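Dear colleague,

I am handing over a structure that will be new to you. Please look through the sequence and the model shown below before reading the findings that follow.

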Amino acid sequence: MALQFDFNVPLAQLKNVRVKHNDGRSIHNEPRLRKGLLLAIQVEQIISEGRAKDFTQAARWLNITKARLSQIMNLLNLAPSIHEEILLTDSPKLRELSVDKIQHITLESDWAQQTVLWKYL
């Protein structure tokens, strides 16, 4: 037996809702690069679980182009040390960077070379 619930939520009222971390900080203040990497991880999980069949469907759900989603997914190609810095540090450098600004690093297949390029940003 399956249950289905339908909700009528006035989206205009949700526009100013602020989602917060457990410690009270707003997630809207997170660096764009961190949000992008977290989104890529979530999309990869959704596709691997079969909840979305491919990037095209995920892009449609996110209301972004398939090309933009591809750029975001390229963040998964970064070296683990770079992932760690993006996800776990509050480096001022993260506030200045975007997915577009590091796209050239994501296309480099050698993690050692990626790390060198990352340090010079």
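A residue is called buried here when its relative accessible area is under 20%. Isoleucine 105, at 0% relative accessibility, therefore counts as buried. Please keep in mind that this is a predicted model.

Overall architecture

The protein chain contains eight helices and zero strands, and its pattern along the sequence reads α-α-α-α-α-α-α-α. Of its 121 residues, 28% are buried. The accessible surface comes to about 8,900 Å², and carbon and sulfur atoms hold 54% of that area. Among contacts with a separation of 6 or more, 59% join residues that are 24 or more positions apart.

The nonpolar cores

In soluble globular proteins, nonpolar side chains tend to be buried together. In this model, the largest nonpolar core has 13 residues, and those with the most contacts inside it are Leu33, Leu75, Leu78, Ile82, Ile86, Ile102 and Trp118. Helix H2 (32-48) and helix H5 (80-88) each supply at least two residues of this core. A second, separate core of seven residues includes Ala40, Val43, Ile72 and Met73.

Three residues in and around leucine-rich contacts

The contacts listed in this section leave aside neighbours within four places in sequence. Leucine 78 is in contact with His83, Ile86, Ile102, Ile105, Thr106, Trp111 and Gln114.

Isoleucine 105, the buried residue introduced above, lies in helix H7 (residues 103-106). Its contacts are Leu78, Ile82, Gln114, Leu117, Trp118 and Leu121. Isoleucine 105 and leucine 75 are 30 residues apart along the chain, and their C-alpha atoms are separated by 8.9 Å.

Is histidine 83 buried or exposed? At 18% relative accessibility, histidine 83 counts as buried. This residue lies in helix H5, and it touches Leu37, Leu75, Leu76 and Leu78. The side chain of histidine 83 also reaches the backbone oxygen of leucine 75, at 2.8 Å.

Helices H2, H3 and H4

Two packed helices are described by the angle between their axes and the distance between the axes. For H2 and H4, the angle is about 105° and the axes are 8 Å apart. That makes H2 roughly perpendicular to H4. On the H2 side, the contact is made by Gly36, Leu39, Ala40, Val43 and Glu44, while H4 contributes Leu69, Ile72 and Met73. Ala40, Val43, Ile72 and Met73, which take part in this contact, are also included in the second core.

Which residues of helix H3 (residues 55-62) are buried? They are Gln57, Ala58 and Ala59, and the buried residues of H3 pack against H2 and helix H4 (66-73). Aspartate 54 caps the N-terminal end of H3, with a side-chain oxygen 3.2 Å from the backbone nitrogen of threonine 56. After H3 comes asparagine 63, whose phi is positive, near 60°.

For a first look at the model, I suggest the following places:

- Leucine 75, whose backbone oxygen is reached by the side chain of histidine 83.
- Isoleucine 105, which touches residues including Leu78 and Trp118.
- The contact between H2 and H4, where Gly36 and Leu69 are among the residues involved.

With kind regards

Technical notes:
Residues are numbered from 1 along each chain as its sequence is written. This is a predicted model: local features need pLDDT of at least 70, side-chain atom pairs count only at pLDDT 80 or more; totals for chains, interfaces and linings use all residues. Side-chain values use heavy atoms; hydrogens and water are left out. A nonpolar core is a set of buried Ala, Val, Leu, Ile, Met, Phe, Trp, Tyr and Cys residues joined through side-chain atoms within 4.5 Å. Buried means under 20% relative accessible area, exposed over 50%, partly exposed in between (1.4 Å probe, protein chains only). Helices (H or I, at least four residues) and strands (E, at least two) are DSSP runs, numbered from the N terminus. Contact means heavy atoms within 4.5 Å. A polar contact is a pair of N or O atoms within 3.5 Å; within protein, one must be able to donate a hydrogen and the other to accept it, and residues adjacent in sequence count only if both atoms are side-chain atoms. Accessible areas come from the Shrake-Rupley method with a 1.4 Å probe; for residues, only the protein chains shown count as cover. Axes are lines fitted to C-alpha atoms, for helices over the stretch in contact, and angles run from 0 to 180 degrees between N-to-C directions. Angles under 35 degrees count as roughly parallel, over 145 as roughly antiparallel, 65 to 115 as roughly perpendicular and the rest as oblique.
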